[in-house]
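Trainee: I should like to learn how burial, sheets and helices are read from a set of coordinates. May we work through an example together?

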Amino acid sequence: MKDEKLRILIIEDDKDLNNLLRYTLEASNDFEVKSHFDGDGAFELIQEFLPDLVLLDVMLPNIYGTEILKSVRDNNVTAGTLVILLTARSQEKDKVEGFESGADDYITKPFSPRELLLRVNALLRRSHTLKSNPLNLVNSSQNNSKEEDKTSTQLTENNHKTIVAGPIKIYPEEFKVTVGNESVSLTATEYQLLIFLAERVGKLQSREALLQKVWGYEGHVNTRTVDTHIKRLRQKLGTAGSLIETIHGFGYQLIDS
């Protein structure tokens with residue numbers, strides 16, 4: 001028997017598309033779905049419904065979806081809510097703006113219901129894995145790596161693992177990151193990206209590998225998702241953000257000094 005259904009909130013003013021999305025999601029029998037058709041009251045509904053995932057249209061009446069997204073990220077209760085932006089605007093700058101506003105994913109219209117369902121399941125799957133087993137990436141990398149890891153893994157007073165890379169400390173069981181003595185607030189995606197890089201200090205990670213391991217995407221995906229999340233992650237880490245190096249034409253690596 002399955003656990004309680006995950007909650008998805010659709011905020012889309014196109015009634016036909018909204019209804020199609022709802023039908024697609026409910027047909028899988030995995031989700032409890034609610035629909036909203038306007039920007040007005042959208043953030044209040046998110047606070048009331050507390051969905052696991054929001055499908056959020058960018059071009060809503062009265063308010064941009066990105067403004068709603070910023071409110072979600074700035075609120076302590078909703079900050080960790082997964083958000084996929086839906087938009088007909090396909091320019092690169094629009095996608096960058098969406099990710100920099102805090103989106104976990106970005107889907108350009110038109111898209112097929114199958115594509116949406118795949119993206120939704122991929123995002124929810126990696127989020128669930130992270131929450132249910134925060135050391136999943138740690139254990140995976142330790143089991144699969146044949147090289148000595150430069151990352152320091154320490155134990156706290158409560159025998160909880162702490163991953164240390166330079167001034168960055170990650171507390172997987174507490175979903176906590178600090179730089180020096182300052183706590184850093186990260187989204188689930190940013191956290192998983194950081195822990196993946198931290199467990200592979202000094203090892204180059206291609207964009208394709210990051211999309212597959214962190215985002216759960218298979219095959220070639222033409223997206224700036226990795227680049228924009230790296231940019232946001234660097235900003236949140238402050239001076240320690242410079243430890244994430246760009247390898248032009250390939251991807252990224254985290255160094256320890």
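**Reading burial, sheet and helix**

Mentor: T66 is buried, its relative accessible area being 5%; buried means under 20% relative accessible area, exposed over 50%, and partly exposed in between, with a 1.4 Å probe and protein chains only. The model is a predicted one, in which local features need pLDDT of at least 70 and side-chain atom pairs count only at pLDDT 80 or more, whereas totals for chains, interfaces and linings use all residues. Residues are numbered from 1 along each chain as its sequence is written, and side-chain values use heavy atoms, with hydrogens and water left out.

Trainee: Where is T66 found, and which residues does T66 touch?

Mentor: T66 is found in helix α3, residues 65–74. Helices (H or I, at least four residues) and strands (E, at least two) are DSSP runs numbered from the N terminus. Contact means heavy atoms within 4.5 Å; leaving aside residues up to four places away in sequence, T66 touches L85, E97, G98 and S101.

Trainee: How does one read a sheet, and what is the strand order here?

Mentor: Strands of a sheet pair through backbone hydrogen bonds, either parallel or antiparallel. Two strands pair if DSSP finds at least two bridges between them. Here an open sheet of five strands runs in the order β2-β1-β3-β4-β5, with parallel pairing. β2 (31–36) and β5 (105–108) stand at the edges with a single partner strand each, so one side of each has no neighbour in the sheet. Strand β1 (residues 6–11) is joined to β2 by six bridges, and I10 has S35 as its bridge partner in β2.

Trainee: Which helix packs on this sheet?

Mentor: Helix α1 (residues 15–27) does, touching β1, β2, β3 (53–57) and β4 (82–87). The direction of α1 makes about 170° with that of β2, where axes are lines fitted to C-alpha atoms, for helices over the stretch in contact, and angles run from 0 to 180 degrees between N-to-C directions.

Trainee: Why do the buried residues of α1 line one face of the helix?

Mentor: An α-helix has 3.6 residues a turn, so residues three or four places apart point the same way. In α1 the buried residues are L17, N18, L21, T24 and L25. Seen down the axis of α1, these fall within an arc of 130°, so they line one face; the arc is that of the directions from the helix axis to the C-beta atoms. On the other side of α1, K15, D16, Y23 and A27 are exposed.
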